Amino acid sequence: SWARRGIGRSIMAVCEQAIIAAGFRAVDIVATLSGEPLYASFGYAVIERYEIGLTSGLSLPVVRMAKRLEA
């Protein structure tokens, strides 16, 4: 019931402000596939897709994304 209420968007905006304030100008993240649309809406670009092996023998598909930040 908390989906699509802007919570993730608010958290991302605050995180990006803190990243800029700390002097960084670029961000690389590894996202789950369910998080990819949120990051894409913030301008993150897909760099690569791969899977992370889990101890259970299963794997978790992820996507590495990057973005340059403006001060």
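1. A quick term before the strands: two strands pair if DSSP finds at least two bridges between them. With that in hand, in strand 3 the bridge partner of glutamate 51 is proline 61. Helices here are DSSP runs of H or I with at least four residues, strands are runs of E with at least two, and both are numbered from the N terminus.

2. Some housekeeping. This is a predicted model, where local features need pLDDT of at least 70 and side-chain atom pairs count only at pLDDT 80 or more, while totals for chains, interfaces and linings use all residues. Residues are numbered from 1 along each chain as its sequence is written, and side-chain values use heavy atoms, with hydrogens and water left out.

3. The overall layout: two helices and three strands, in the order α-β-α-β-β along the sequence. Taken along the principal axes, the C-alpha atoms fill a box of roughly 40 × 30 × 20 Å. Of the 71 residues, 21% count as buried (buried is under 20% relative accessible area, exposed over 50%, partly exposed in between, with a 1.4 Å probe and protein chains only). As for contacts (heavy atoms within 4.5 Å), take those between residues at least 6 apart in sequence: 56% of them join residues at least 24 apart.

4. Now back to the sheet pairings. Strand 2 (residues 45-53) runs antiparallel to strand 3, with eight bridges, and tyrosine 50 has valine 62 as its bridge partner in strand 3. The hairpin of these two strands has five residues between them, and glycine 57 there takes a positive phi near 95°.

5. Strand 3 (residues 59-68) also pairs with strand 1, again in the antiparallel sense, over seven bridges. Aspartate 28 stands opposite alanine 66 of strand 3, and valine 30 has arginine 64 as its bridge partner there.

6. Which side chains of strand 1 are buried, and which are not? They alternate along residues 26-32: Val27, Ile29 and Ala31 point to one face and are buried, whereas Ala26, Asp28, Val30 and Thr32 point to the other and are not. So the two bridge residues from the previous point, Asp28 and Val30, sit on the face that is not buried.

7. Helix 1 (residues 7-21) looks regular in its span: 15 residues reach 21 Å from first C-alpha to last, close to the 21 Å expected at 1.5 Å a residue (the expected span is 1.5 Å times one less than the number of residues). After helix 1 comes glycine 23, with a positive phi near 95°.

8. Tyrosine 39 is in helix 2. Leaving aside neighbours within four places in sequence, tyrosine 39 is in contact with Met12, Ile29, Ala31, Tyr44 and Met65. Two of these contacts, Ile29 and Ala31, belong to the buried face of strand 1. Tyrosine 39 and valine 62 are 23 residues apart in sequence and 13 Å apart in space, C-alpha to C-alpha.

9. On the pocket: the largest one holds about 250 Å³ of space. Eleven residues line this pocket, and the closest to its centre are Arg4, Arg5, Gly6, Gly8 and Leu38. Helix 1 and helix 2 (36-41) are the elements that give two or more residues to the lining. By class, the lining has five nonpolar, three polar and three charged residues. For the pocket terms, the grid is 1 Å over the protein atoms alone; a pocket is an open set of points where a 1.4 Å probe fits, with protein on both sides within 12 Å along at least five of seven lines, and lining residues have an atom within 4 Å of a point. Points are joined across faces, edges and corners, and a volume is the space filled by probe spheres set on them. Ala, Val, Leu, Ile, Met, Phe, Trp, Tyr, Cys and Pro count as nonpolar, Asp, Glu, Lys and Arg as charged, and the others, Gly among them, as polar.

10. Lastly, alanine 71 lies in the segment after strand 3 and is exposed, at 81% relative accessible area. Not counting residues up to four places away in sequence, alanine 71 touches Ile20 and Arg25.
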